[in-house]
Amino acid sequence: TNGSAPAVPSDQYDSLYLSPVTVGSSTLHLDFDTGSSDLWVFSSLQAQSSLVGHDYYMVDPAKEKQGYTWKISYGDGSGASGKVYADKVVVGGVTATAQAVEAATAVSAQFTQDVDTDGLLGLAMSTLNTVKPQQQKTFFDTVLKQLAQPLFAVDLKYHAAGSYDFGFIDKSKYTGAINYVNADTSKGWWGVSATAYSIGNASTSATVSGILDTGTTLLYVDTPIVKAYYAKVKGSKMDNTQGGYVFPCSATLPDFSLTIGGVKQIVPGKHINYSPTSAGNCFGGIQTNDGIGFSILGDIFLKSKYVIHEMGSTPRIGFAQQ
Ligand SMILES: O=C(Cc1ccccc1)Nn1cnc2ccccc21
């Protein structure tokens, strides 16, 4: 069976996208995350005070994987931990009958205060799964064999609902050719590299290595590229109190592209005006990857494309224009 689930922006700035998932007998709204590999949910194991505003998984002790635990932390310092259950998970009609469901006992403030997100569904390689004593499969790995094609496709949109397709490529969701490149999955992520970047009409050769990451809101690249970009934005500056580059909200933002597989993958300037700040300017969708060691092609990069993640004998990534 194949299936498709909507990806709905959680707020007016596309901070993250939420998809409905049936976990056991509950429908939860999860953040599908190609940057991690745990399916974890808010659960009845938590204090009631932590559950306010969230839908949550009502655990069934009979389904517990006794002695199994998990603990995850993300690049932004957020994290969660808990126990593991084997239960039915359904995404867009695709069913995993005994999927490892990681029920939270503790969740960091970033997640607790984000009342729309009921958990995450990891779509990176299962080698990054944090469950002990035995690593568990992602939902995608669990259902892989039942899919017509071993792939999922990501269709995130700018200030609009998109979708995640499992097992098929939806021709109505893109125009032009799909450009495939091999994925570097050696670190457990969907890794790609670019050979050039462009700011407006000016192209510069450079090697940009990074990961596709639907769980990251913005686009993080090497500092010299970020500086070159905002040099083209009148009134832009690095604002340490806001934690990144900001600019007057009236600024015209040049398009940005990364050349992947010989094809320019363009991010429209409009998408790079991420959100207003509390100080009366606007926060940039492109920021520096200082301290990370690689680039992170998050939602700002993805939301103009239809991106196929194919787990064939040689993992590939296909890019097409929405
Ligand atoms: O953690 C990251 C990317 C990242 C940011 C900074 C340093 C290193 C890596 N993304 N991400 C993927 N899933 C997430 C879930 C919550 C927060 C961030 C999440």
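This short tour visits the ligand and two pockets in a predicted model.

**Stop 1: the ligand.** Start by selecting the ligand, which sits in the largest pocket. Now show its neighbours: Asp33, Tyr74, Gly75, Asp76, Ser78, Phe111, Leu120, Asp213, Gly215, Thr216, Ile292 and Ile296 surround the ligand. Colour this shell by class and you will find 5 nonpolar, 4 polar and 3 charged residues.

**Stop 2: the polar contacts.** Which side chains should you pick to see a nitrogen atom of the ligand being approached? Try Thr216, with a polar side-chain atom 2.7 Å from a ligand nitrogen, and then Asp213, where the corresponding distance is 2.9 Å. Next, display the backbone of Gly75: one of its polar atoms is 2.8 Å from an oxygen atom of the ligand. On its own the ligand exposes 430 Å², and the protein buries 80% of that area.

**Stop 3: the largest pocket.** Hide the ligand and look at the space itself, about 1100 Å³. The lining has 34 residues, and those closest to the pocket centre are Tyr74, Gly75, Asp76, Gly215 and Thr216. Highlight β3 (26-33), β5 (64-73) and α2 (109-112), since each supplies at least two lining residues. By class, the lining has 15 nonpolar, 14 polar and 5 charged residues.

**Stop 4: the second largest pocket.** Finally, select Asp184, Lys187, Trp189, Gly191, Val192, Ser193, Ser209, Gly210, Ile211 and Phe294, which line the second largest pocket. Its space comes to about 180 Å³. Strands β12 (190-199) and β13 (202-212) each give at least two residues to this lining, which divides into 4 nonpolar, 4 polar and 2 charged residues.

Technical notes:
Residues are numbered from 1 along each chain as its sequence is written. This is a predicted model: local features need pLDDT of at least 70, side-chain atom pairs count only at pLDDT 80 or more; totals for chains, interfaces and linings use all residues. Side-chain values use heavy atoms; hydrogens and water are left out. A residue is near a molecule or strand if one of its heavy atoms lies within 4 Å of it. A polar contact is a pair of N or O atoms within 3.5 Å; within protein, one must be able to donate a hydrogen and the other to accept it, and residues adjacent in sequence count only if both atoms are side-chain atoms. Accessible areas come from the Shrake-Rupley method with a 1.4 Å probe; for residues, only the protein chains shown count as cover. On a 1 Å grid over the protein atoms alone, a cavity is a set of points where a 1.4 Å probe fits but cannot get out, and a pocket is an open set with protein on both sides within 12 Å along at least five of seven lines; lining residues have an atom within 4 Å of a point. A molecule sits in a cavity or pocket if more than half of its atoms lie within 2 Å of its grid points. Ala, Val, Leu, Ile, Met, Phe, Trp, Tyr, Cys and Pro count as nonpolar, Asp, Glu, Lys and Arg as charged, and the others, Gly among them, as polar. Grid points are joined across faces, edges and corners, and a volume is the space filled by probe spheres set on the points. Helices (H or I, at least four residues) and strands (E, at least two) are DSSP runs, numbered from the N terminus.
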